[in-house]
Structure formats: structure tokens, C-alpha cells
Amino acid sequence: MGSTSHGKGRLNRALGELSLDVPFALAIVVASSLVAVLDIVSTVQALVGLPVLLFLPGYALLLALFPAESSGGAVEGPSFGRSERHPNLSLQERFALAFGMSVALLPVVGLSLLWAGVGLAAAPVIAALSAVIVGGLTVGEIRRRRLPETERFHVPIRRWYADVVRSFDRPSRVDSLLNVALAAAIVLAVASLSYALVAPGTGESYSSLSLLTRDAGGEFVAADYPESLTVGQQTALFVSVENDEGEATNYALVAELQRVERVNGETTVVERQALGSRTETVEDGETWRTRHNFAPALTGEDLRLTYYLYEGDAPAEPSTDTAYRSAYVWVTVTEEPTDGADAGDDAA
């Protein structure tokens, strides 16, 4: 029993002499730099990078500004016996201000990187914040070591360890079980919060379909669509598909020229001309743009030039109800050229 108590005492004294905040912070800085350079999975980057973003910069600056331990008492001066009060912070104040100062530093660092033309990629941001952290910790450790040992700030690992050991040394088994349950609940809460902060959100997934033409300057615009065409006239229209589904997606694009009837607010396709189809695999975040050339064979006014977009294979008879996305323009097709046919030629 005596040897056990003696061992606990030596461990308490060893923990009390250690200032683990600086090496622990430096270890996190090194780890965050490594995961950023090696491009490790984003969840690990977020777990390691969160302290660098939201806590350590402010903590390092506070250590440089306030290296003394919190104490409510006054220290007697060496020459005239007057009282001198050293500026200091309590542990709770230090942790709270570390978070606030870190958040306040983020826009300053970001604007500095933008002004320098570096950009806001992960690697330069981590490097800039790491420089702030290392500089603050260096100055803070130098200032802390110049103080008497009893006045130096340190994270009270010894007191925390002693409190935990004392709580488990109580004879009541109920108290021990309650302490274990409380510790497990704290660990679970911290783990849940960390996962909620760093887990990638699903967000909204969608695909967009748009019909485009080219203006006189060669730019793609969603305007100036062909309106008046003639039978057999070669016409071109550009179709753009943007993939924001969160993964690579296989698309099927189907084009039809349709004669429709509208009765009681419902539109029914009574005749259709297939104008071709195409399939394409588009990576997430990419845009697929294709030029569609066609020659109309149906004639009439208010014909609907329709494009259907499907994920996967398209059905034998595509429709607005079955398509994932659809877009259309109204055209008039005649046997002979009309005054408006030049507009169709310009768009082609």
C-alpha cells in the first residue's frame, strides 16, 4: 500500500513540473501540416485542423501576453515594499479568449494571404496560422521561464489527475460507477460534437439542364433561340448539363421535335420527331456542353423542341413526367423560308 502511494506521489510531482501545453500545441501544428501536405482524407484534416483554426492561435498569443499564473494576491516589491499586481488570466478566461482571438485572427490571416496573392488553399492557410502559433508559443515560453516558478502559468494537469484519482479512491462503489459513467458521457459528447463539426454534409444534390446559343462575341447565352425554321434546314443548339450530384453521374440526353395539344391546361404530345440521343458520364462539379445539330421534318406553328435529361438509360418513349430534367423552346417550321428564317441561321 505504501509503495502505491509513493508511486502516485512521484507521478503527481512529475506531472506538476511539466508544461505540456507548448509541446502538445507544436505536435498538433506538425500533424495538421502533414495531413494538409499529404492530402489525407478530409475528415482527418478537419479533426486535426480545427484546433489550429479555432483555438491554438489565440492560445499562443495569450501565452505571449500573459505568461503568469492566475492569482488574486499581490506580490511585495523588492525595494520599497509596495504591492505589485501582475496581469494574468484564469484558466477559464484564457480558454474562452483563446477561442475568441483565434476566430478574430482568421479574417486577418485570410486578407493577408489574398493581399500577398497566395490564395486561400488549405496549405497556405495552415502555414500562416502555424507561423502565428509557433511565434506566440516561442515568445510566451521565453517570458514564462523568466518568471519565478511559482508564478508561471501552466495547465493544471497535476491537480486534474489528483482529482480523478481521489474520486476513484473513495470507498463507495456507487461513486466510482457514477464517475465512470460521467467520464464516458463526456467522451461521447465530445466525440459527437467533433463528428458533427467535421463530418462532410450531404447538402443538396442536383443536376441542371440549359439550352444555349452563341452571341456575336462567341459567348454562350441563354437567349436568341431559333424561332422560324424550314424543313430540312440544318440548325444547331448547344445543350449544357451541370453535375452537382456529389458523384460522377451517367446521363442520357434525348431530343425531340413535338407537336402538342393543350386542352384544359394539360399538354399532350400528338406527334413527335426523334432528333437524336447521346450518353455521357460527367464528374461531380463538372459541366458537359454539347452541340446538337438537327434538321426538322415536322411542319407547323408552336412546335416544341424538347430536350430530356435522364440519369442512366432513357426509356423508349421519353416524357416530361419520366425525365429527371427537361428544357424546351417553341419554334415554327415551314416548307419555304420565311422572313424570320435568318434568325435561325444566325443562331446556328
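1. A quick definition before we start: a strand here is a DSSP run of E, at least two residues long, and strands are numbered from the N terminus. With that in hand, find the loop between β7 (249–263) and β8 (266–282), because that is where Asn264 lies. Keep in mind as you look around that this is a predicted model.

2. Stay with Asn264 for a moment. Its phi is near 55°, which is a positive value in a residue other than glycine. Most residues other than glycine have a negative phi, so a positive one deserves a look. Is Asn264 buried or exposed? With a relative accessibility of 77%, Asn264 counts as exposed.

3. Asp302 is another one to check: phi is again a positive value, near 55°, in a residue other than glycine. Asp302 sits in strand β10 (residues 300–311). At 43% relative accessible area, Asp302 is partly exposed.

4. Now the sheet. Four strands make an open sheet, in the order β4-β3-β6-β9, with antiparallel pairing. Which strands are at the edges? They are β4 (220–221) and β9 (287–294), each of which pairs on one side only. As background, strands of a sheet pair through backbone hydrogen bonds, either parallel or antiparallel.

5. You can walk across that sheet pair by pair. Strand β3 (residues 206–214) is joined to β4 by two bridges, and one contact to look for is Arg214 with its bridge partner Phe220 in β4. On to the next pair: seven bridges join β3 to β6, with Ser210 having Ser240 as its bridge partner in β6. Finally, β6 and β9 pair over eight bridges, and here Ser240 stands opposite Arg289 in β9. So Ser240 is a handy landmark, because its bridge partners include Ser210 in β3 and Arg289 in β9.

6. How many of the 10 residues of strand β6 (residues 235–244) are buried? Eight are, so β6 is largely enclosed by the rest of the structure. Buried means under 20% relative accessible area, in case you want to check the residues yourself.

7. Next, the aromatic rings. The whole structure has six aromatic pairs. In one of them, the ring centres of Phe55 and Phe95 are 5.7 Å apart and the planes are at 75°, so this pair is edge-to-face. Phe55 lies in the loop between α3 (42–54) and α4 (56–65), while Phe95 is in helix α5 (residues 91–115), so the pair ties together parts that are 40 residues apart in sequence. Both rings belong to residues that are partly exposed: Phe55 at 26% relative accessibility and Phe95 at 30% relative accessible area.

8. That pair belongs to an aromatic cluster made up of Phe55, Tyr59, Phe95 and Phe153. Arg94 lies over the face of Phe153, 3.8 Å from the ring centre. Elsewhere, look for Arg325 over the face of Tyr324, at 4.3 Å from the ring centre.

9. Last stop: the largest pocket, with about 410 Å³ of space. Phe55 turns up again here, since the pocket is lined by 17 residues and those nearest its centre are Phe24, Ile28, Pro51, Phe55 and Leu56. Which helix gives the most to the lining? That would be α3, with five residues. At least two residues each come from α2 (21–38), α3, α4 and α7 (157–168). By class, the lining has 16 nonpolar residues, no polar ones and one charged residue.

Methods
Residues numbered from 1 in each chain as written. Predicted model: local features only at pLDDT ≥ 70, side-chain atom pairs only at ≥ 80, totals over all residues. Heavy atoms only, no water. Phe/Tyr/Trp six-rings, centres within 6.5 Å; stacked < 30°, edge-to-face > 60°. Buried < 20%, exposed > 50% of the residue type's maximum accessible area, 1.4 Å probe, protein only. Lys NZ or Arg CZ within 6 Å of the ring centre and 35° of its normal. 1 Å grid on protein atoms, 1.4 Å probe; cavity = no way out; pocket = protein on both sides within 12 Å on 5 of 7 lines; lining within 4 Å. Points joined across faces, edges and corners; volume = space filled by probe spheres on them. Nonpolar A, V, L, I, M, F, W, Y, C, P; charged D, E, K, R; others polar.
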